[in-house]
Amino acid sequence: MAMEDYDYLFKIVLIGNAGVGKTCLVRRFTQGLFPPGQGATIGVDFMIKTVEIKGVKVKLQIWDTAGQERFRSITQSYYRSANALILTYDITCEDSFRCLPEWLREIEQYANNQVVTILVGNKIDLADKREVHRQRAEEFAEAQNMLYLETSAKESDNVEKLFLDLACVLIREAKQNTLDNNDSAPMPGEGKNISYLSCCNVN
Amino acid sequence: MDEFGSPAVRRSNAAAFSSVRTETIESLTDLDDLERVYAQLCAEEKRLYQAIQRADDILDLKFCTDGVQTALRNQDYEQAAAHIHRYLSLDQSVIELSRQGGESTAVDASLALLQEAELSLKALVTKRLEEAVVTGIARIVETHQPIVETYYGPGRLYTLLTHLQKECDVQAQKVRRITADFEIADATAAESIIREHQQCLERLLKDCQLSCTVQELIGYYIPMEEYYMRETVNKAVAMDTAEAGQLSSSMVDDVFYIVKKCISRALTSGSSDCVCAMINHAISALETDFREVLVTKLRAGFPASTLQDLHRGVTSAVSLMQSSLQQGKIQSLGIESQEQAKTAYLVTLNNVQVCSENISTLKKNLESDCAKLFSQVAGSEQAQAKIDSCLSDLVNTASKLKDLLQEEFSEYEANDPWVQQLVVQLEQLMAEFKVKKVACVFIVDDDVRSDGGRVCPQVGLYPVIYDTLTSLMTSLIAMELEKTIFKSSFSRVSEILDYWGPNSGPLTWRLTPAEVRQVLALRVDFRSEDIKRLRL
């Protein structure tokens, strides 16, 4: 393979109940569209998008998994190599929120222990049908040591922020790991100011 | 006689000529008219043809309307489809024109009928097709399940399904005709339309009930295959044997045979998700369980057996010094078990190396297998991308194993267990020697005392004796160390010259050139000519 044109490659896996809008989030981010009447995902879908954060090229490999129980044995095999997991629920569906502990058990069992998990409440465009209060979700996320974000794939709210923030966190973690493992060989440009990575609303 | 001979005749001829000319001019004007008439006629003819065409079309329309109804009534769907195709190929403007004619209501009715027939035919065909493929299989499973369970016991349905799957695949081949059809239709179409068609087709195939069921079946298969792989890998580890003379042990090849088999079996499903899932599970097994086994073996470390040479040398020196006293003992493993541990460690190091090579081979094989299998299937790009990603993870596993090897080597470089053990044992030896030296002095002292209880004038010599003993001891130890250095530090005979004579720097070697040659001769990899030729 030719020299890859990126500084970092991260694997992001989306998980969560069926119908919470995982595929729509991915489509919105990777293709900029909202496919109405999207059918259930079968197995696993795979998308790639390269973003640039402050001059650092980050290739995001996004695995969109089927939420249905019957496809679980296929989707589970992707957890271990994931750098980040986007655990998604639907703010208009209490059930999808109540299943979160079950998903966390899956993560505990199959993912590696350095994985970054972010909780996402999707469909905020349907505010009048909201069943899960923001505060409740925030508290849950905090208790589980997860980041939290609310999005609307339909209105494109926070979708870009979700993936870019995640990329920032992953870059930071990757840099820390390199420093821990091999402090004699820092990455180019490192040691200047790592905190500039914390703001990444610029694409 | 010359007709135009006489002048009278000539004159009359001239008059005739002029009259012809006038006529010609007149007739030329007529020709213009004629042309106009001809053009008119042509137009008339064209209109006539159009009228005939229209009449034909209208007749066709009527024929199609009647034909479709008859065909649908007779369940002759091919015929019905042919009629609708004819209707769709009729000039839309003709149909529009027909509606403006006197028979507009009749034509309208025909058109309505045809459109309706088109829709109902489409729905019917879709329904029939689905029934034919999916319901057919489902019915077979339904009717055969009780039979299979009664006669072969539960758990055998899988076998039935594998056979059915073959048939399913044959049926699915027919679906591929759609691709061929699109190819012909798209021959002249724009790139965007071609892509749209492909996407439509992919979605159609991906979202159909059949592929959903296949995926579900794969979902049942994967945990079984994964369990089998994990258990068999464990078994291979448990049965591990290293044949004498072999650089690596049996488990490395066994484990890779198992992993390869399992992934190849997954590959026969023809589903990229299935293959990817199995590659992922294989990576898990190699990176966690199997890596753990290797790490545990490496942790046992390499026994510092070279120390024995030094040990023997020093202890013999000490025994020389104090023959009447008990010889100091250095704790060490028995030679035999030490050899075993040594081999086990080296085999494990080789195992790590071979594993990482095997992973690369496995990756290459899978890559070409997958390319062959998925290159013709619709949606192959997506499948290929998924597999590529999983395979690159597999390669990462190889490099992670290589890191393990590197770690081990740098660990030894930084904390050479040989040197560490040497330091510990020398300290032990010296402590022992100190005690014995004191004991030795007491013996001398006692000898002196026994001499009538007088203070011996030779007492002043004791410090000299201690010093002599100590320097002799140090010298012996240093010589043994030098021997060890000459024996194990160099990879080529000539390298010694970098540290000998003018190159020795602040070092003064205690060994003589003859002794150095003697030590070097112990190395099996050094040629005796080279040693002899060495200018020391």
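Half of the fold is out of solvent reach by the usual cut-off: of the 203 residues of chain A, 50% count as buried. The model is predicted.

**Overall make-up**

Chain A holds six helices and six strands. Along the sequence, these elements run β-α-β-β-α-β-α-α-β-α-β-α. The pattern opens with a strand and ends with a helix. The accessible surface of chain A is about 9,900 Å². Carbon and sulfur atoms account for 45% of that surface.

Contacts reach far along the chain. Take the pairs in chain A that are at least 6 apart in sequence and in contact: 73% of them join residues at least 24 apart.

**Two asparagines with positive phi**

Which backbone angle sets A:Asn145 apart, although it is not a glycine? Its phi is positive, at about 65°. A:Asn158 also has a positive phi of about 65°, and it is not a glycine either.

Both sit in loops. A:Asn145 lies between helix H5 (134-143) and strand S6 (147-150). A:Asn158 falls in the loop that links S6 to helix H6 (159-181).

Is A:Asn145 buried or exposed? A:Asn145 has a relative accessible area of 72%, so it is exposed, the cut-off for exposed being over 50%. A:Asn158 has 30% relative accessibility and therefore counts as partly exposed.

| Residue | Phi | Loop | Relative accessible area |
|---|---|---|---|
| A:Asn145 | about 65° | H5 (134-143) to S6 (147-150) | 72%, exposed |
| A:Asn158 | about 65° | S6 to H6 (159-181) | 30%, partly exposed |

Definitions and conventions. Residues are numbered from 1 along each chain as its sequence is written. Chains are lettered from A and ligands numbered from 1 in the order in which they are written. This is a predicted model: local features need pLDDT of at least 70, side-chain atom pairs count only at pLDDT 80 or more; totals for chains, interfaces and linings use all residues. Side-chain values use heavy atoms; hydrogens and water are left out. Helices (H or I, at least four residues) and strands (E, at least two) are DSSP runs, numbered from the N terminus. Buried means under 20% relative accessible area, exposed over 50%, partly exposed in between (1.4 Å probe, protein chains only). Contact means heavy atoms within 4.5 Å. Accessible areas come from the Shrake-Rupley method with a 1.4 Å probe; for residues, only the protein chains shown count as cover.
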